[in-house]
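Work through these exercises with the structure open beside you. Try each task before you read its solution.

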Amino acid sequence: MTPTARHLAPAAGATVTATTNAMRTPTLETLGLGGVLDLFRRGALPTDAGALVERVFGRANERGSIVISGASGIVGAGKTMQLGSRLEPYGVRTVALDFPGAPDGIGRQYPGLVQAFGRQGAARVMANIIRLTYDGRRLPDELKALKPRFLLEAIPEILEIKREHYRVFREAFPGIEIRSVTSGFPARELGVGIAHPAFPHEINKVYETVESGPSAVPQLLWSLGLIPVPVSDDWSFVLDVLFCGITLAALRAHRATNMPYWKVDKLVRRRVGPNPFRAHDAIGAQGADFLTWSCLHHLDETYGALFTPTPELVERKQTGQNWYPPDHFRPLVDWTLSDAELDDFEVRILGPVYQMTALMLKERRGHLAHVNAIGELCAQFRKGVLVMMREAGPERVVKTVEAYHRLDPAAAKSAWHPESLADMGTPEWQQLYVNAEHDGTVGVVTISRESYGWDVDRELNRALDWLKGARIRRVIVTGDFHLSTQMVGADTAEFFDALDTLDAGLAITNGWSRTARRLWDEFEVSVAMVPGKRCLGGMLELLMHCHYLVAVEDARFGWPEITLPVLPGMEGCHWPLRRSKRDDWPRVLRMLLTGEAVRARDALGWLVDATGPIDEALRTAWDLANGRGSLPRRGLESGVLSEVPNDVPGLEPADSPGSAAGRAAIVACMMQSCAVDATRALPLQAKLAAEFLTSKPCRDGRVGAEAARLRGA
Amino acid sequence: MKATTTMFPRARIPYGTWGSSYFPAWQSSPLAEVNIGQFAGEAMARILGMRRVPKHELEYLVIGSTIPWHWKFWTAPLVASCMGQRIPGYHVEQACATGLQAVLLGGAEVESGSKDVVGVLTFDRTSDSPVGVFPERRSHQRTQTIADVWDNFGFDPATGKAMIAAAGMTARKYKIDRREVDDIAALRYQQYFEAKDSGFLDRVLVPLDLLNVAGRPLGRVDDDTGVRQISLGALRAQRELDTCVTSGTQTHASDGMATLLVTSPEKARELSPRPEIQIRFVGKSEARAEPSLMPEAPALAVRKLLERLGLTVHDVKVAKNHNPFAVNDAVFTKVTGWHWKDLNHTGCSLVWGHPQGPTLTRVLIEALEEAVDLGGGYVLVFGCAAGDVGIAALFEVSEGGRS
């Protein structure tokens, strides 16, 4: 790959820095916040919440409030909690507005609030929420005193009612910022911007945003720790095309084959990830069915029969009946499918999803990393839709869609854009999880997926190759400061095949370890920078291979593998010992054997090299990468390690046979891989970790259980 | 042969859209543990799916069963919901004639012109059958408790006699030889196992996997469990329970379901994998024998039907019956002159068991498949039912005008 000009996503107001090259556009640029390398160069985040709150809600002495209308509904109540808790520290009051008879959705959120913030914190957040009612026409008089500056509209999906709602607010409060949580209507239809949040609303951080021009709103969301994702102003946005789309595909599969919804759900889950019908029931079939119908109905009107809702959905938009049978009719007859039936099913599900995605690509609905991530972060896709298509390759995608058209000829008459798959070889398609930027001297590799898997591994290797091709010898490895807010470790779904075959496990443990080694071996300086709240498991194993590990001070580090149990097979059983003093070995061993996490500031000197507030951590990482600063580099003992402890004094007994077996295997792996030099240790620990994946304790553990659940569909 | 008219000119049975579960003997399979109405509804969806018939094609559902099941008050609409299709319908019950009567009523529904696709679904679970408690002011106990299956078999309230007694009485009336009855049973077993070995039954019977309440496998119903090869010598050696009745020459209770569709001619062509095959309803009759002569009743019904239609036994290509006692077949030969060797080429309920409701539906499906194999012709299906009743119906299978 060669350096490319930055690709600007259609909805982005990107900032291009002339001195920076990137494999593809950093997603942060779509928010107008520059690239990730810029953050390090600047030694500071591009903006802060205080300044943005002031821009949106006014100065402290005249601070206005946020109004959430439809606040008792599922979306409104969730967002009242999420935004209310984040804006409360800035003195922004939250007004929860709804009809007098609306059921109390906010009270139901309180236990979750207590769980997140404790009783005092929850009480503080709740005290900042003012509940008002209105009749839908006339705003309550008390509102004026609260100086509404921002309306987040979460009322029913009826265009005329929404427009009238905005009119009433604009008339009463000229200049008020209004955003709709609509899942379907484009901004051009509504006349306001979009902040479409993903379920579950109280905790999911993702908002699809549509802005008609420069706006502080998406940046404000970002600065509050949320994940705004700019998308184009088309019907139903990316999330709902994907989620309603796969629901429709599932409905059509049901309609064609008679397969009950629960079984369709299981097979969709096994192949793609989501349970579309269960999700509707969990959200609340009454509302969710209507929303799905509404999205599909409008997509149908715009794009044709590919999106036509089935009669089953049309019926349920009225009745709100659950898709799953009641408890007393738990499914009785299983559907054991032949290979031919399974092939047919796959075409019925993937065909329409591929076709719909090709349409979104044609319309350039967003940065490809965003389109891909939305499926994973918001619609339960195990792998993003673009990764699925990339894995299949353009020819197979086209064949699948064509096979689907033979089953559903009407869909062939709808929008189908195979030409939008032509760019699959470009970095925009190939680097969906990992990007790289450089300024000619220092490279920054950003990982936007929270869990490590084969796709991340391949993309990371390509990114490292790209930097080396540009003669970059100094590198920072970090998150993307946008989609990924933490690093949680390996994607355990990648281990499923390794439960059955040693070779599959060896491919993982050898392959991923060798990728990690590249950070140590192939760069003059490598710096890991952990900007989020945690770095665990495989991600920690990856980053510990950097010459330096820098983190924000509250970040937590750990190897929770023992809780599964699996072995930390990316050299976790010997590498941290080789890089720490003998006195610190019991701490490493304790982490490995208990899965307990440590804070960055408590791991200084033996796991972490520097910590501090975010700005300081950015500066430190940048200085280290540029060869500045006086921080000594922790060495690596590459020879045989002697007197490695095989126990930790005071260690609590294992809480299960699986955990005991895991501990024994970790200790054995540690002893054996420390008894050889670092070069021989890699394949040795890889072999032991892979062997443990095929063991009974592992198959009986959480990975085995999850695999069995998925395969049992 | 006298030219015949059809009883329901508008009604057809679309070939190849049918199916039946296996009929495991009572208490021998996971079916002993399920709500049979729910099972039947879900199994029908699966069978139609395998036959590539979308269930949304159904407009109406006629269900048939004889043993009460939980929530039976809600009848066909509930079973349809378990199938995943909200359609109306009703429940029909005529003891062991249910499986045929339900099909005939399905034909009547289509004939009425108000529906084009009617599902017929029959089922029963004899295992763990419910116990009814009836306030009876005229009985000295004041309250009577009846185990639905066995107490009914053992006592016909109209005659005071058991069904097995009816078989013995009929055998005595016709002076049936025990040796002949054993020969009949031996042949029936042979016919069944030959059909099974040939793969014929695989076209009719559908293996079904069942789940427990936790969604885990409960077991697979893929055999008429309880049916074992039995030799003529073993039959001869069995103790006689009543005249000509041994355990080997009578059927056994079992569980199961069976389903088929009745449609307009247009829909039959649309839904059948072999649209050139037409299956018509020709005629039907019922008869009631004298008290406690139930095995004679089907023969009377057949004789009446053929006489009315102007047909003889020679006009019929396939004949198949529900024969809970081998005595039935011996008596049939005595009454009609039709040799019992010419019946039941692919097995019968004497061998594969008797779940009551679906028994005659499976008999019909097997008979229609056999007729298609033979290139079409008249198909006669008949059987006896509680109350000394016999039922018979004639169908015509034609292939592209050939029959």
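**Exercise 1. A proline in a loop**

Task: Find where P565(A) sits, then describe the peptide bond that leads into P565(A).

Solution. Step 1: P565(A) lies in the loop between β19 (556–558) and α23 of chain A. Keep in mind that this model is predicted. Step 2: The peptide bond joining L564(A) and P565(A) is cis. Its omega is about -10 degrees. Step 3: Stay in this loop between β19 and α23, where E571(A) is also found. E571(A) has a positive phi of about 75 degrees, although E571(A) is not a glycine. Step 4: Check the cover. E571(A) has a relative accessible area of 0%, and the cut-off for buried is under 20%, so E571(A) is buried.

**Exercise 2. Another cis bond**

Task: Locate P200(A) and state the form of the bond from F199(A) to P200(A).

Solution. Step 1: Go to the loop between β7 (193–197) and β8 (206–210) of chain A; P200(A) lies there. Step 2: The peptide bond from F199(A) to P200(A) is cis, with omega near -10 degrees.

**Exercise 3. One side of a helix**

Task: Which residues of helix α2 (residues 49–57) of chain A are buried, and what do they pack against?

Solution. Step 1: List the buried residues. They are A49(A), L52(A), V53(A), V56(A) and F57(A). Step 2: Look down the axis. These residues cover an arc of only 110 degrees, so they lie on the same side of α2(A). Step 3: Find their partners. The buried residues of α2(A) pack against β2 (65–69), α3 (74–87), β5 (148–153) and α8 (217–223) of chain A. Step 4: Inspect the N-terminal end. D48(A) caps α2(A) there, with a side-chain oxygen 2.9 Å from the backbone nitrogen of G50(A). Step 5: Move to the residue just after α2(A). G58(A) takes a positive phi of about 90 degrees.

**Exercise 4. The surroundings of a serine**

Task: Place S580(A), decide whether S580(A) is buried or exposed, and name what S580(A) touches.

Solution. Step 1: S580(A) is in the loop between α23 (575–578) and α24 (585–594) of chain A. Step 2: The relative accessibility of S580(A) is 11%, so S580(A) counts as buried. Step 3: Leave out residues up to four places away in sequence. S580(A) then touches W585(A), V588(A) and W606(A). Step 4: Take W606(A), which is 26 residues from S580(A) along the chain. The C-alpha atoms of the two are separated by 4.9 Å. Step 5: Follow the side chain of S580(A). It reaches the backbone oxygen of P576(A) at 2.7 Å.

**Exercise 5. Salt bridges**

Task: Describe the salt bridges of E177(A), R365(A) and E240(B), with the cover of each partner.

Solution. Step 1: Start from the principle. Side chains of opposite charge can pair when their charged atoms come close. The structure holds 66 salt bridges over all chains. Step 2: E177(A) pairs with R179(A), the closest N and O atoms being 2.9 Å apart. E177(A) is partly exposed at 29%, whereas R179(A) is buried at 4%. Step 3: R365(A) pairs with E363(A), and here the closest N and O atoms are 2.7 Å apart. R365(A) is buried at 2%, while E363(A) is partly exposed at 22%. Step 4: E240(B) forms a salt bridge with R178(B), the closest N and O atoms being 3.8 Å apart. This pair links distant parts of the chain, 62 residues apart. E240(B) is in the loop between α7 (232–237) and β10 (255–263) of chain B, and R178(B) is in helix α6 (residues 178–198) of chain B. E240(B) is partly exposed at 36%; R178(B) is buried at 18%. Step 5: Go on to a network. Salt bridges that share partners join K383(A), R390(A), E391(A), D455(A), R458(A) and E459(A).

**Exercise 6. A patch on chain B**

Task: Which residues form a nonpolar patch with W71(B) on the surface?

Solution. Step 1: The patch is formed by W71(B), F73(B) and W74(B). Together they have about 400 Å² of accessible area. Step 2: F73(B) lies in the loop between β2 (60–64) and α2 (75–83) of chain B. F73(B) has a relative accessible area of 68%, and exposed means over 50%, so F73(B) is exposed. Step 3: W71(B) is in the loop between β2 and α2 of chain B. W71(B) is partly exposed, at 30%. Its phi is near 70 degrees, a positive value in a residue other than glycine.

Methods:
Residues are numbered from 1 along each chain as its sequence is written. Chains are lettered from A and ligands numbered from 1 in the order in which they are written. This is a predicted model: local features need pLDDT of at least 70, side-chain atom pairs count only at pLDDT 80 or more; totals for chains, interfaces and linings use all residues. Side-chain values use heavy atoms; hydrogens and water are left out. Buried means under 20% relative accessible area, exposed over 50%, partly exposed in between (1.4 Å probe, protein chains only). Helices (H or I, at least four residues) and strands (E, at least two) are DSSP runs, numbered from the N terminus. The arc is that of the directions from the helix axis to the C-beta atoms. Contact means heavy atoms within 4.5 Å. A polar contact is a pair of N or O atoms within 3.5 Å; within protein, one must be able to donate a hydrogen and the other to accept it, and residues adjacent in sequence count only if both atoms are side-chain atoms. Patches are made of residues with over 30% relative accessible area and no salt bridge: like charges are joined within 9 Å, nonpolar side chains (Val, Leu, Ile, Met, Phe, Trp, Tyr) within 5 Å. Accessible areas come from the Shrake-Rupley method with a 1.4 Å probe; for residues, only the protein chains shown count as cover. A salt bridge is a side-chain nitrogen of Lys or Arg within 4 Å of a carboxyl oxygen of Asp or Glu.
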